[in-house]
Amino acid sequence: MVVNSSNKEKDFDGNEQMLREDVTRKSGDNQKKIFATFSQQRRYGKVRKLLSNRLRILTWIDRYNWSWFVNDFIAGITLGLTIIPESIACALLAGLPARYGLCSAFIGSFIYLVCGSIDTVIMGPTSLVALVSVQFTVGKPIEFAFILTFLSGIVQLIMGCLGMGYIFEFISMPVIKAFSSATAILVMESQIKVLLGIKYLVAGLVESMKTLLSRYQEANYADFVMGLCAIIFLIIFESFEKFSKRSNINGVVRLVFRYLSFSRNTLIVVITATISYIWLLHNCRIPYTLSKNASSGLPNVTLPQFTVETPEKTYTFWQILTELNVGVFVIPIIGVLTNISIGKLTPKGLVDTNQELLTVGLCNVAGSCVQSMPTSGAFTRYAISKACGLRTPLANLYSGVIVLLALSYLSPYFNFIPEATLAAILICSIFTLLDFKLPWRLWHESKRDFIVWLVCFVVCIVSGVEVGLFVSIIINVLHLLYLWARPEIAVKIQEIDDMQYICVTPGNAIYFPAINHLRDKVLKATAQAKQRIPVVIDCHKISGLDFTAAQGFVKLAGGLRHDTAEPDVALDSSSCQSDNDADGFAGDTLLILYRMQVHLQKLIDNAENLVFCESEEKIREFLTQESLRNGFINLKEHIRASIDLGYKIEIE
């Protein structure tokens with residue numbers, strides 16, 4: 001029986017051991033499954049984050065609701081009806097047939113819907129980009145415009161992949177405003193000849209004005225009357241928006257007036273085209289100029305031709321690059337700059353510039369395959385989208401579909417649109433970019449920013465917007481370098497317990513271009529002081545310091561010494577001599593670096609008359625010792641001050 005009992009105990013122990021191993025094995029398997037699941041979720045999260053950073057539709061599509069759909073649909077339809085006449089006008093401004101304006105207004109919308117990071121941007125041709133583009137394509141074959149679109153997209157993609165979006169941070173608000181105002185004036189000037197029915201295409205404001213003045217006798221009064229009537233119509237209908245905001249008007253009436261205002265461009269095109277159609281039914285000739293070459297049908301999807309053949313000459317790809325010149329770089333910058341400016345007008349005011357570079361680059365590369373001119377967002381479309389309550393980039397879808405329908409079925413009817421009407425649309429839409437309130441404010445509040453605005457505005461008007469933008473960026477960079485080399489430094493005399501010291505407060509980081517400026521300020525202040533008093537540099541705003549600037553502090557300490565001793569003799573910088581015969585340094589001016597970050601202190605070598613401190617009590621201690629050493633306080637005052645500081649004074 002004993003043996004059986006022992007066997008049972010052994011069997012029990014064995015079963016228990018097996019059970020433990022089984023539990024341990026299952027526990028280990030469960031842990032492996034948990035870790036595997038966690039690892040998979042982590043990888044999935046990284047992939048989703050990577051995709052959402054590039055495909056921005058993933059950041060909002062799962063939250064899309066019916067209310068957003070209604071707002072986006074109304075905004076998309078309104079913008080689609082608006083972008084059709086604007087696109088035709090921009091094509092004529094760029095020296096292209098009307099059809100190519102519509103070809104530029106749909107493919108970018110579909111791409112921006114998926115990748116765009118700014119809700120209120122509607123992609124398409126703009127008067128700004130068209131005006132700059134014509135500077136590089138005027139007098140050249142039409143294929144140059146498509147190649148310029150392709151190359152602009154490639155440059156934008158390269159800049160986005162290299163993370164060069166920070167470059168746009170060097171473009172300040174005064175520059176953007178001056179650039180926009182100058183562009184508005186140039187666009188309006190370029191449309192004066194269209195209102196007068198005079199045909200010519202030259203680059204530059206000066207040449208355009210010379211040509212206009214020399215050919216003003218060719219003006220056609222029918223074009224002028226048509227354009228003037230269109231401008232009056234647009235101004236009246238624009239005022240309907242303000243009228244619709246009155247609270248004492250019926251809601252339905254307000255809504256009607258509001259959308260009449262939004263649709264004013266489409267309405268004037270329909271009205272004037274109908275007048276032209278009816279006129280041609282009864283007469284074979286019309287007194288004003290009509291837009292032409294608006295053939296129907298969708299464009300063929302193909303890469304642009306990189307070799308252009310004309311009856312006079314055959315252009316190779318390198319010759320095309322030479323002809324386009326700096327336009328290959330100017331157009332990409334201007335296009336993305338418009339989007340960034342729109343993004344900064346949104347409530348958040350934050351823009352992912354690298355994502356915008358990639359997205360606009362894709363829009364232009366794809367657009368070049370459907371005979372598009374360079375595209376970007378537009379301030380006029382932003383204003384309409386904001387007024388319509390647009391919520392997401394999905395409005396680009398509805399706008400693009402309307403443009404495709406217009407290309408498919410309505411293109412032949414665009415030949416009945418008077419060119420003066422399109423000129424009126426451009427003038428009225430671009431007029432909103434004029435802003436002379438800002439320079440007036442800058443004149444009173446910031447003369448330096450006013451000068452930057454003035455230089456940018458004048459150069460853009462005289463030499464072209466591309467030159468003005470480049471010069472303005474250079475001025476901004478030089479301005480930043482000046483602020484870096486000459487930071488704001490406050491110098492004043494302060495007192496602690498009737499003990500004076502020179503307080504120096506730098507406004508920001510001190511790097512090697514600024515250290516000599518700081519030294520000059522301090523040495524000038526000590527030279528003007530009536531007596532030798534310590535210098536306290538309040539370093540709490542100094543967030544950065546390089547090696548050269550750190551050595552400059554040591555040289556500053558050496559410059560504050562008034563004896564013949566070697567400045568390289570270094571003792572403990574946290575101590576201060578208090579007796580008048582301390583190694584012949586009685587004439588030194590003490591330099592105190594107050595509230596400097598510890599990691600910055602390590603860059604500064606020890607100097608005899610340079611100390612660090614973190615509290616006002618420590619400054620009081622140093623000032624008391626210096627006052628005693630220089631004979632500014634007597635022994636009784638010294639004893640009283642020492643007792644206040646907690647020292648035990650022994651008098652023999």
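In this predicted model, helix H15 is the top contributor to the lining of the second largest pocket, giving three residues. That pocket comes out at a volume of about 770 Å³. It has 28 lining residues, and those closest to its centre are Ser117, Ile118, Asp119, Lys348 and Arg391. Besides H15, two other elements put two or more residues into the lining, namely helix H1 (2-54) and helix H13. Sorted by class, the lining of the second largest pocket splits into 10 nonpolar, 11 polar and seven charged residues.

H15 turns up again at the largest pocket, where H15 gives the most to the lining, this time with seven residues. The volume here is about 920 Å³. Glu238, Phe379, Ala383, Thr432 and Leu433 sit closest to the centre of this pocket, out of 32 residues that line it. Quite a few helices chip in with at least two residues each: H2 (66-93), H7 (173-195), H9 (221-244), H11 (264-282), H13 (327-345), H15 (379-387) and H17 (419-430). As for the make-up of the lining of the largest pocket, 14 residues are nonpolar, eight are polar and 10 are charged.

Then there are the closed spaces. Rolling a probe the size of a water molecule over the atoms shows where empty space is left. The structure has four cavities of 30 Å³ or more, and the largest of them has a volume of about 150 Å³. Its lining is made up of 15 residues, with Thr126, Ser127, Ala378, Thr380 and Ile430 nearest the centre. H17 provides the largest share of that lining, three residues. Helices H2, H5 (127-137), H15 and H17 each hand over at least two residues to the largest cavity. The lining of this cavity counts eight nonpolar residues, six polar ones and one charged one.

Further along the chain, helix H24 takes in residues 616-629. With 14 residues at 1.5 Å a residue, H24 should span 20 Å, and its end C-alpha atoms are indeed 20 Å apart, so the two values agree. H24 is mostly covered, with 11 of its 14 residues buried. The buried stretch includes Ile619, Phe622, Leu623 and Leu628, but also Arg620, Glu621, Glu626 and Arg629.

Two single residues round out the picture. Isoleucine 489 belongs to strand E3, which covers residues 489-496. Its relative accessibility is 9%, and because anything under 20% is called buried, isoleucine 489 counts as buried. Leaving aside residues up to four places away in sequence, isoleucine 489 touches Val504, Thr505, Pro506, His517, Leu518 and Lys521. One of these partners, threonine 505, is 16 residues away from isoleucine 489 in sequence, and their C-alpha atoms are 5.6 Å apart.

Aspartate 449 is part of helix H19 (residues 447-463). With a relative accessible area of 25%, aspartate 449 is partly exposed. Its side chain makes a polar contact with the side chain of serine 446, at 3.1 Å. Again not counting residues up to four places away in sequence, aspartate 449 touches Pro174, Leu442 and His479. Methionine 173 is 276 residues away from aspartate 449 in sequence, yet the two C-alpha atoms are 9.3 Å apart in space.

Conventions. Residues are numbered from 1 along each chain as its sequence is written. This is a predicted model: local features need pLDDT of at least 70, side-chain atom pairs count only at pLDDT 80 or more; totals for chains, interfaces and linings use all residues. Side-chain values use heavy atoms; hydrogens and water are left out. Helices (H or I, at least four residues) and strands (E, at least two) are DSSP runs, numbered from the N terminus. Buried means under 20% relative accessible area, exposed over 50%, partly exposed in between (1.4 Å probe, protein chains only). Contact means heavy atoms within 4.5 Å. On a 1 Å grid over the protein atoms alone, a cavity is a set of points where a 1.4 Å probe fits but cannot get out, and a pocket is an open set with protein on both sides within 12 Å along at least five of seven lines; lining residues have an atom within 4 Å of a point. Grid points are joined across faces, edges and corners, and a volume is the space filled by probe spheres set on the points. Ala, Val, Leu, Ile, Met, Phe, Trp, Tyr, Cys and Pro count as nonpolar, Asp, Glu, Lys and Arg as charged, and the others, Gly among them, as polar. The expected span of a helix is 1.5 Å times one less than its number of residues. A polar contact is a pair of N or O atoms within 3.5 Å; within protein, one must be able to donate a hydrogen and the other to accept it, and residues adjacent in sequence count only if both atoms are side-chain atoms.
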